[in-house]
Amino acid sequence: MTQLPPPSADGIWHHLRPVPELTVFDEPLPAGEPACVVVQDATVRWVGPATALPATYADLPRHDARGALATPGLVDCHTHLVYGGQRANEFAMRLAGATYEEVAQAGGGIVSSVKATREASEDELFALAAPRLQALLDEGVCAIEIKSGYGLALEHERKQLRVARRLGTAFGVTVRTTFLGAHALPPEYAGRSQDYTDLVCTEMLPALAAEGLVDAVDVFCERIAFTLAETEQVFQAAQQLGIPVKLHAEQLSDMGGAALAARYGALSCDHIEHLSQGGIAAMKAAGTVAVLLPGAYYTLRDTHLPPIAQLREAGVPMAVSTDHNPGTSPALSLLLMANMACTLFRLTVPEALAGITTHAARALGLQDTHGLIAAGRPAHFVLWPLGDAAELAYWYGHKPACTIVRQGRVAADGLGIHTHQEAPHGA
Ligand code: DI6
Ligand code: FE
């Protein structure tokens, strides 16, 4: 089946209302005045008021946004999107009182997804992940991180990462792959945690990196997963290969993982419900992003809030992501996560919006290409028929209509803006 690529978004997108905090204007936008975004060769060339539009662009096709709100393309910076099976049974167990740790100790948890993932072929994993990815893209996601970590053996981790790469190509979306070989101890290594960590560092990571499958390296540093020393060993292996690191840190307990990750210049520390003041200071000094995952907090019915006020006070950038995974966050709406970040974690609306755009891009090292509408960047933006940007975090439970420009193409046109342009002039 061959599919035509979506139409080019080149042209002048005019009469739109940008979110000022998420847009860099070439010419200042007077209050209340609609803006233009000029796209040429799939790149944003200029952003400003129609009255200041440079004459060089005047002949480009025009797309009338009719007052729609414009945001950068959304960025989902932490997902485990590729896996076999599902774990609804554990949801039921936890409702009956079992904790995440007890489920894991009973043979459920991550290793049950490992079994299903190992049994699935690459094509099967692709077919399972595709509709999940589509759901996220339909809300305006333009860049997504996809982790391995359900293979836990070279061939199966490779399979997951290859599927992640294929998804990016097939869907025309920026995919950042993260190798999470140190996610859980595979059953065949029970009681041999050090041996498995050695395997991750000396065989799996170098092989997958050589195949171009690893954009970043992550570890689940936790009582039920990998120790601080094992985490550092994986970070050293990543550092030797020049690959950036990130960490599942202080989700269930304060392991000191965030401070360690910061010492390795981590892109992000994620979850961080139990993050200490020392961890916050280390992250601030290293420029590490705090990735908040309210979906996991909600699903696990956690009650230990991440230290939002302290992160805010320290000036640590906060991103918000789905953490999509079959165990603790079967979430397929980044906008719902923005809503939960506000209601559960008390983020302000501007913080939540920066959390699913600018700061999420930084958490993936994509701060120069994603998360902001600005001249010189690839064209990724979304137009929403909303009166107030706060509506993005306010409504939940439905997919809003929107027009999506992704990788310089009109990936969706729910508002009929692009087709509009093709009607006879003046009609
Ligand atoms: N933390 C999480 O939230 C996911 N992985 C992790 O390290 C959960 C993964 C799972 O339960 O399958
Ligand atoms: Fe996760």
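Reader: Ala, Val, Leu, Ile, Met, Phe, Trp, Tyr, Cys and Pro count as nonpolar, Asp, Glu, Lys and Arg as charged, and the others, Gly among them, as polar. On that basis, how do the residues lining the largest cavity divide?

Author: This is a predicted model. In it, the lining of the largest cavity has four nonpolar, seven polar and two charged residues.

Reader: How many cavities of 30 Å³ or more are there?

Author: The count comes to one cavity of that volume or more.

Reader: And how much space is in the largest cavity?

Author: About 100 Å³. It is lined by 13 residues, and those closest to its centre are His80, Tyr100, His183, Asn325 and Thr328.

Reader: Where does ligand 1 sit?

Author: In the largest cavity.

Reader: Which residues are closest to ligand 1?

Author: Arg87, Tyr100, Tyr150, His183 and Asp323 are the closest of the 14 residues that surround ligand 1. The shell as a whole divides into four nonpolar, eight polar and two charged residues.

Reader: What does the side chain of arginine 87 do there, in distance terms?

Author: One of the polar side-chain atoms of Arg87 lies 2.8 Å from an oxygen atom of ligand 1. For His183, an N or O atom of the side chain is 2.8 Å from a nitrogen atom of the ligand. Gln251 has a polar side-chain atom 3.4 Å from a nitrogen atom of ligand 1.

Reader: How much of the ligand's accessible area does the protein cover?

Author: The protein covers 100% of it, and on its own ligand 1 has 320 Å².

Reader: Different topic, pockets. What is the volume of the largest pocket?

Author: About 390 Å³. Of its 17 lining residues, Pro6, Ala170, Phe171, Gly172 and Arg406 are the closest to its centre.

Reader: Which helices and strands supply at least two residues each to that lining?

Author: The helices are α4 (122-138) and α5 (154-171), and the strands are β15 (403-406) and β16 (409-413).

Reader: And how many residues of the pocket lining are nonpolar, polar and charged?

Author: Nine are nonpolar, five polar and three charged.

Note on methods
Residues numbered from 1 in each chain as written. Chains lettered and ligands numbered in written order. Predicted model: local features only at pLDDT ≥ 70, side-chain atom pairs only at ≥ 80, totals over all residues. Heavy atoms only, no water. Near = heavy atom within 4 Å. Polar contact = N/O pair within 3.5 Å; in protein donor to acceptor, adjacent residues only side chain to side chain. Areas by Shrake-Rupley, 256 points an atom, 1.4 Å probe, with all protein chains shown as cover. 1 Å grid on protein atoms, 1.4 Å probe; cavity = no way out; pocket = protein on both sides within 12 Å on 5 of 7 lines; lining within 4 Å. Sits in = over half its atoms within 2 Å of the grid points. Points joined across faces, edges and corners; volume = space filled by probe spheres on them. Helix = DSSP H or I, 4+ residues; strand = E, 2+ residues; numbered from the N terminus.
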